[in-house]
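The report below describes the fold of a single chain, moving from its overall form to its strands, helix and core.

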Amino acid sequence: MEMQRAVEIFNSKDTYKVNLEGEPVWIEQIDPQNGMATVQVGSRPTNTLTVNVDRLKEGE
């Protein structure tokens, strides 16, 4: 995913499907300077990862 799109999704009031390696994730935080995103994996709020935005895919 491109950083611009990740920022749009993060700032949107709408809900978008975003996946990390086939697992649904929720974007919690964006770090545009470093190209990173902190995401919640699945429905457990404590299950978070910080990953390169390039690893995120929309709509799968």
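## Basis of the description

Two strands are said to pair if DSSP finds at least two bridges between them, and the elements themselves are DSSP runs numbered from the N terminus, helices being H or I runs of at least four residues and strands E runs of at least two. The model is predicted, and for that reason local features need pLDDT of at least 70 and side-chain atom pairs count only at pLDDT 80 or more, while totals for chains, interfaces and linings use all residues. Residues are numbered from 1 along each chain as its sequence is written, and side-chain values use heavy atoms, with hydrogens and water left out.

## Overall form

One helix and five strands make up the secondary structure of the chain, and along the sequence they follow the pattern α-β-β-β-β-β. The C-alpha atoms fill a box of roughly 25 × 20 × 20 Å along the principal axes. The radius of gyration, taken over C-alpha atoms, is 10 Å, which agrees with the value near 10 Å for a compact globule of 60 residues, where the globule rule is 2.2 Å times the number of residues to the power 0.38.

Of the 60 residues, 30% count as buried; buried here means under 20% relative accessible area, exposed means over 50%, and partly exposed lies in between, with a 1.4 Å probe and protein chains only. The chain exposes about 4,200 Å², of which carbon and sulfur atoms supply 45%, the areas coming from the Shrake-Rupley method with a 1.4 Å probe. Where contact means heavy atoms within 4.5 Å, 36% of the contacts between residues at least 6 apart in sequence join residues at least 24 apart.

## The sheet and its hairpins

The five strands form an open sheet in the order β4-β3-β2-β1-β5, with antiparallel pairing. Strands β4 (48–52) and β5 (56–58) stand at the edges with a single partner strand each, so one side of each is left without a neighbour in the sheet. From one strand to the next the twist averages 45°, with axes taken as lines fitted to C-alpha atoms (for helices over the stretch in contact) and angles running from 0 to 180 degrees between N-to-C directions.

Strand β1 (residues 18–20) is joined to the antiparallel strand β2 (residues 23–31) by three bridges, with N19 opposite P24 and L20 partnered by E23. Two residues lie between these strands in their hairpin, where E21 takes a positive phi near 50°. Six bridges then join β2 to β3, again antiparallel; I30 stands opposite A37, and V25 has V41 as its bridge partner. The hairpin of β2 and β3 has four residues between the strands, and G35 in its turn has a positive phi of about 70°. Between β3 and β4, which also run antiparallel, there are five bridges, and T38 stands opposite T50. Their hairpin has six residues between the strands, with G42 at a positive phi near 65°.

## Helix, central strand and core

Helix α1 (residues 3–11) packs on the sheet, touching β1, β2, β3 (36–41) and β5, and its direction makes about 95° with that of β2. M3, found in α1, is partly exposed, with a relative accessible area of 22%. Not counting residues up to four places away in sequence, M3 touches I30, D31, P32, G35, M36 and V53; M3 and G35 are 32 residues apart in sequence, yet their C-alpha atoms are 6.6 Å apart in space.

Five of the six residues of β3 are buried, so this strand is largely enclosed by the rest of the structure. The largest nonpolar core, a set of buried Ala, Val, Leu, Ile, Met, Phe, Trp, Tyr and Cys residues joined through side-chain atoms within 4.5 Å, has 14 residues, of which M1, V25, V39 and L56 touch the most other members. At least two residues of this core come from each of α1, β1, β2 and β3. Leaving aside neighbours within four places in sequence, V39 is in contact with L20, V25, W26, I27, E28, N47, T48, L49 and L56.
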